[in-house]
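Me: I'd like to go through this structure with you, one question at a time. Can you take a look at it with me?

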Number of protein chains: 2
Amino acid sequence: MGAKKARPVTLQMIADQLGLHVSTVSRVLHAKPGEGLRAASSPTVERVRRLADELGYQRNPHAMSLRTQRSNLIGVLVPRLSDVVLATIYEGIEEAAAEHGLSTFVTNTRDVPEVQRARTEMVLGRRVDGMIFGDAHSDSGFLDEVAARGVPFVLVNRRAGGHPAVVCDDYLGGRMVAEHLLEQGHQDVAVVAGEPYASTGVDRTGGFADRFREAGLPIPEHRIVHSRFDAQGGRAGTERLLATGPLPSAVFVVNDFGAIGTIGALRDHGLRVGADIAVVGFNDTPLAAELPVPLTTVRSPMREMGRRGLRQLVRVLAGEPGETELLRPELIVRASSDRAQYERLMAKVAG
Amino acid sequence: MGAKKARPVTLQMIADQLGLHVSTVSRVLHAKPGEGLRAASSPTVERVRRLADELGYQRNPHAMSLRTQRSNLIGVLVPRLSDVVLATIYEGIEEAAAEHGLSTFVTNTRDVPEVQRARTEMVLGRRVDGMIFGDAHSDSGFLDEVAARGVPFVLVNRRAGGHPAVVCDDYLGGRMVAEHLLEQGHQDVAVVAGEPYASTGVDRTGGFADRFREAGLPIPEHRIVHSRFDAQGGRAGTERLLATGPLPSAVFVVNDFGAIGTIGALRDHGLRVGADIAVVGFNDTPLAAELPVPLTTVRSPMREMGRRGLRQLVRVLAGEPGETELLRPELIVRASSDRAQYERLMAKVAG
DNA sequence: ACGTTTGGCCCAAACGTTTGGGTAACCGCG
DNA sequence: CGCGGTTACCCAAACGTTTGGGCCAAACGT
């Protein structure tokens, strides 16, 4: 039979064993360099330190949180963690949090406003020091309320209402895609634009449309459809596009997973991606490169976004003002929209 | 300017405002039905309840944890959350946890033993009530230690060393795939078997190989390669397979993401999945159905696995013995390995 | 020689709960 | 009228820290 779970070591035990007072031990073990210098003589400090890690002392976080009114906990809300984009951002957050001695709670809101509210309350009930929202909706009413309550937070992934946010420069990303398609000679293009409440899709679409307008090729209304961010959404959006007019020569789907759905829908209509029609996604998720016809997409620094989001939050917690950061995207051209690459690919398959 | 962050409401405040003692308020608000019935008269109970939610009272979890030595927190370790399989399992865990009034910490270990150790210590340092490991290695030394320390835990995703676990019946899943390929007439098959320390890959491969052996077609050593669980791994494993002999007629990749890499590698070699070679994955991740040639795979109840894992942990926390559960997988046949479906698909594209 | 500093530590309160044990007032009952 | 039993509370300790304020003795300054 295993060891019973022994009662954890406390400052008190250490103090008793050394004939010291608990406050002394506390200062020795936890005082930041600079204060608490006169807490104990250096031989005493040594004895305390030695005994502490001999016994495997670990500070009780509940007692500490209770006393200091600081939990070193932060809450993270995302639409869904099974979306690899959000999962990767969260990995960045968690990684950086650990480096700062913080722990994170993360939870799904499925983009449902009531769930966002409920989960926020529950997270706040856990007395987190701050929050990170990855699921902001552009009508920022809810976030305004949270801000008004004095809860420190930052946004990642999506921006909203001028709250401090760390996001990809989605507008620029959209422009880059447009630029690329223009270079490839496309004149009649369409967009599967994602959810209208998410700045990601809106900004990507905005940049894309602006660039085409500047090129004298404004994109008509009916060439832009909204959809969910998953494969099903991409598929449905694409079906709608195909139903409402002649075939465009290229389609920009604001999300790689949506693009997968688009590719499926095109296939169902007997269309060959890369030959009959160009497709471009966004985010450069790992599967983009591996598709039978590799997908052109825009790489967004997701992990870095998480890391920086956390760093911003730490700043806010320290009382500094939160800043908004725009991270630079990078266009990754592959066969789904590049004639030359496509030809080479086909040559290989045929050969 | 927003409201300053008001000091949260405490039992004390409620008690003072009502001329009651804090202990009375505590019992009124938190006593389980059955005890504390005689804590207060029903008009008093009413007054307390009303005031409490008028002021928006929320119990301070740190104070409670400190006093009761129970944190209602559980720690979850996974290889990586950006793997949609683990993310989905975690969603199940988190969902069920919320229903039980528990909160979860989750963190990545990247399957690196030192990281597993370090993160476990950090999680335990947060005084969680129990843990769920999704990253067990089959040499279960580390987990044995954790168990010996009296930490309550259960495993999900991968089993190891007889510790209570909730996993897919991977062996059966492997057999199902073999059965299917045998029916399709395959005689020379290969396996991309994943990491050798993960029971998932090992069991799937085991079931698959056993069934083929029973059919009188034992799979030679060189037809089984190990690899990482991601697309890169699948690609690398497949390259090795292709380099070491004649082309097999089918390849079983123990993970959908690996299969994506396999498909990419095959494409690079000018091979058409579904025509020149059959491919089967595992897990039925959302993209499997949406691939240009939809992927045959085995559906494993990932979310349910998470939910049940948490339920097992709750049982263990209640002092009952933890049980191991095997969840039933389901074969999903698609065009990547089914001649008829493939023909139909091609007919549509051509037509 | 005597006041002042400072080094090295102790004291005690406080953070917000929970919980085992009171204790008055009241009721019913014989 | 006296007594046991409720009913409706209150009391206080405890959980493990942190932190502002002591206090005593030794070292220092003049």
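Me: Which element gives the most to the surface near DNA strand C?
Reply: This is a predicted model, where local features need pLDDT of at least 70, side-chain atom pairs count only at pLDDT 80 or more, totals for chains, interfaces and linings use all residues, and side-chain values use heavy atoms with hydrogens and water left out. Residues are numbered from 1 along each chain as its sequence is written, while chains are lettered from A and ligands numbered from 1 in the order in which they are written. Helices (H or I, at least four residues) and strands (E, at least two) are DSSP runs, numbered from the N terminus. With four residues, the element that gives the most to the surface near DNA strand C is α2(B).

Me: Which elements each supply at least two residues of that surface near DNA strand C?
Reply: A residue counts as near a strand if one of its heavy atoms lies within 4 Å of it. Chain A and chain B both take part. The elements are α2 (22-30) and α4 (61-68) of chain A, together with α2 (22-30) and α4 of chain B.

Me: How many residues around DNA strand C are charged?
Reply: Here Ala, Val, Leu, Ile, Met, Phe, Trp, Tyr, Cys and Pro count as nonpolar, Asp, Glu, Lys and Arg as charged, and the others, Gly among them, as polar. The surface near DNA strand C has seven nonpolar and 14 polar residues. The charged ones number eight.

Me: How far is a polar side-chain atom of B:Arg27 from a base oxygen of DNA strand C?
Reply: Let's look at polar contacts: pairs of N or O atoms within 3.5 Å, where within protein one must be able to donate a hydrogen and the other to accept it, and residues adjacent in sequence count only if both atoms are side-chain atoms. B:Arg59 has a side-chain N or O atom 2.5 Å from a phosphate oxygen of strand C, and A:Arg27 has one 3.2 Å from a base nitrogen. For B:Arg27 and the base oxygen, the distance is 2.3 Å.

Me: What about DNA strand D: which element gives the most to the surface near it?
Reply: DNA strand D is surrounded by 29 residues, and A:Ser26, A:Arg27, A:Arg59, A:Arg67 and B:His21 are the closest. Sugar and phosphate make up 54% of the strand D atoms that come within 4 Å of the protein. With four residues, the biggest giver is α2(A).

Me: How far is the side chain of A:Ser26 from a phosphate oxygen of DNA strand D?
Reply: A:Leu11 reaches a phosphate oxygen of strand D with a backbone N or O atom, at 2.7 Å. A:Ala63 has a backbone N or O atom 3.4 Å from a base nitrogen of that strand. For A:Ser26, a polar side-chain atom lies from a phosphate oxygen at 2.6 Å.

Me: Now the two protein chains. How big is the area buried between chain B and chain A?
Reply: Contact means heavy atoms within 4.5 Å, and it takes 64 residues from chain B and 65 residues from chain A. Buried area is the accessible area (1.4 Å probe) that two parts lose on being put together, summed over both. Carbon and sulfur atoms give 53% of it, and the total is about 5,500 Å².

Me: Which residue of chain B forms a salt bridge with A:Arg235?
Reply: Side chains of opposite charge can pair when their charged atoms come close. A salt bridge is a side-chain nitrogen of Lys or Arg within 4 Å of a carboxyl oxygen of Asp or Glu, and there are four between chain B and chain A. For A:Arg235, the closest N and O atoms are 3.2 Å apart, and the partner is B:Glu290.

Me: Why is the pair of A:Phe105 and B:Phe105 stacked?
Reply: Rings of Phe, Tyr and Trp (its six-membered ring) pair if their centres lie within 6.5 Å; planes under 30 degrees apart count as stacked, over 60 as edge-to-face and the rest as tilted. The whole structure has 11 aromatic pairs over all chains. In this one the ring centres of A:Phe105 and B:Phe105 are 4.9 Å apart, and the pair is stacked because the planes are at 5 degrees.
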